[in-house]
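Please describe how the interior of this model is packed and how its two chains meet, with the cut-offs behind each term.

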Amino acid sequence: MPQPRRLVEGNEAVAEGAIAAGARFFAGYPITPSTEIAEVLSRRLPQVGGHFVQMEDEIASIGAVIGASLAGAKALTATSGPGFSLMQESIGYASMAQVPCVIVDVMRGGPSTGLPTEPSQGDVMQARWGTHGEHSIIALVPSSVAECFSLTVEAFNLSEAYRTPVILLSDATIGHMREAVALPTRDELRVAERGEPDVEPDDYDDVMSTVDNIMPRPALGSRYAVHVTGLVYDRSRGGVPSTGTPSVAEGLGLYLREKIYHHRDAIARVEELEMEDAEVAIFAYGSVARSARAAMKWARRQGVKVGLVRPITLWPFPMAAVDHMAEQVRTIIVPEMNLKQMSWEVQAAVGGRAKVVDHGRIDGKLIRPEEIQNLIRREFYYHHFEETA
Amino acid sequence: MAESGSPTRAPARQEIRLSGSGGQGIILAATLLADAAVASGREVIATQSYGPEARGGASKAEVIVADDEIDFPEVTAPTITVCLSQEAFDAYAAQTERGGLVVYDERLVQATPLAQRRLVGLPFTHMAETELGKAIAANIVMLGAVQQLTGVVGAAALADAVRRRLPAKIVELNLRALKLGHAVASGPTGPRAPA
């Protein structure tokens, strides 16, 4: 039985999702519009035997989160664009050293202090490429309060399964929105526990970690000897630094990429609505997907065949779904609160098989359904619309 | 308490916009209203918009109550608008749907007539100050009045929301504020625009 239906804020749902996922450590520095996550966890974590630390800044926050995770705790931090930028170097470290952790970025208008209280989707490429060097990443995008909860749980599960930092990309609209939801209880959830490597300590060797058998990261202080480094390391020699052998560097780099990309179809989740007979698709994520859903319903009432493809996983890019969409529809409309960040990605994946129409907005206001409806009208210029957009 | 303001079935979608200045408790009022609406079993969504200032600056919060799934989370056709500042009245009163209701603080707002909307000015801040000794409770007096005038949520559900959401030591004061709002809205109302 789920919990009783009640009014929950998006940020509060993230905090409750983290608790339900077994997170027991939070380190962060408050920043609008993410602060409620820290506020709720400062109260909730001590109640469940966890730890909350307000750090001196975001650089220290991600450092503390990585440290807690290496010691065996499920750990997270929450921030917004400026803080997310400060965390990028250490996100690269977590990626290189394969440290599971969750970073919540509640996006606001930027760059810099920008529009601190207004929504944006300007960090979708920062989530993918914000840190330096070749790496892979997982990023999830909630578009409701219920998903703030469920995707936080999912973020922890993926971070444990793939031994990687996972980004939850919320935004000011979703984070500060309140909805009536019945949150699931702990026994209704699938929660991945970290576990131990499936070999004895004497045999423990990272070479055993293949893309098909990604062994859990043993905690510091456990019976496994653990070496943690940001340098290129030799997975066949217990992870000791090895910078003099190009094949080792290449092997590690490819492994770090493939452990995510090889599983892309298992990781990437997409919601498709009214796509069976769609001639035009809207590709929209996060808060904007709600406007897109309203526009899609309007279009269907008007008798034109429009569908919605909503990526829940933004990274790795949901290639299979986009590929399928490109084969089926003649036009893909990509509304987003940035200037073409995902639209370029869609265009590259579509490769000319369908027309890609971008629609950006960077004034701190949520894209409205009418804006998308106007774009739909153009694609069906020959149709008589009963209602104006 | 009877749902005095809703003689017929509630419309499929109701949109309420509360507006004023930062520090007036606009967002808290919207949260309480939305919380009370959850009890009806309908879909509810509340959003907020405010500036970076801790106090002052424009503040706006919106509540949508609907029978169906709510997609776009912001108000598009508000049937109830509350304005607790002149700036808010000037910006939002005229955006109220025809046939809708505009409620404002008559001591803070110089209202201009609006065709086909019902305008109700009440002294929320003044009453909170004189009757409760707490001007800061004006937002809750306003909520009590909006409940009385519209029946958009039940009075009991609203009181429950106050008990659930607010710290124990201020619950009693705020329940009195709700009752004060009910009382003031039951009395003579403000200027009415021509229908």
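In this predicted model, the largest nonpolar core (buried Ala, Val, Leu, Ile, Met, Phe, Trp, Tyr and Cys residues joined through side-chain atoms within 4.5 Å; buried means under 20% relative accessible area with a 1.4 Å probe, protein chains only) has 55 residues, of which A:F26, A:I37, A:L41, A:L76, A:V104, A:I138 and A:L140 touch the most other members. Helix α6 of chain A (residues 145-162; a DSSP run of H or I, at least four residues) gives this core its largest share, nine residues. At least three residues come from each of domain 1 (6-188) and domain 2 (201-265) of chain A, with bounds taken from an automatic or database domain assignment. A second, separate core of 54 residues includes B:V44, B:V63, B:V65 and B:A137.

Where chain B meets chain A, the values are as follows.

| Interface item | Value |
|---|---|
| Residues in contact (heavy atoms within 4.5 Å) | 26 from chain B, 24 from chain A |
| Buried area (accessible area lost, 1.4 Å probe, summed over both) | about 2,000 Å² |
| Salt bridges (Lys or Arg side-chain nitrogen within 4 Å of an Asp or Glu carboxyl oxygen) | four |

B:Y50, B:D71 and B:F72 supply 30% of the area that chain B buries against chain A, more than any other three residues. B:D71 also forms a salt bridge with A:K297, at 2.9 Å from N to O.

Residues are numbered from 1 along each chain as written, and chains are lettered from A and ligands numbered from 1 in written order. Local features need pLDDT of at least 70, side-chain atom pairs count only at pLDDT 80 or more, and totals for chains, interfaces and linings use all residues, while side-chain values use heavy atoms, leaving out hydrogens and water.

Conventions:
Buried means under 20% relative accessible area, exposed over 50%, partly exposed in between (1.4 Å probe, protein chains only). Helices (H or I, at least four residues) and strands (E, at least two) are DSSP runs, numbered from the N terminus. Buried area is the accessible area (1.4 Å probe) that two parts lose on being put together, summed over both.
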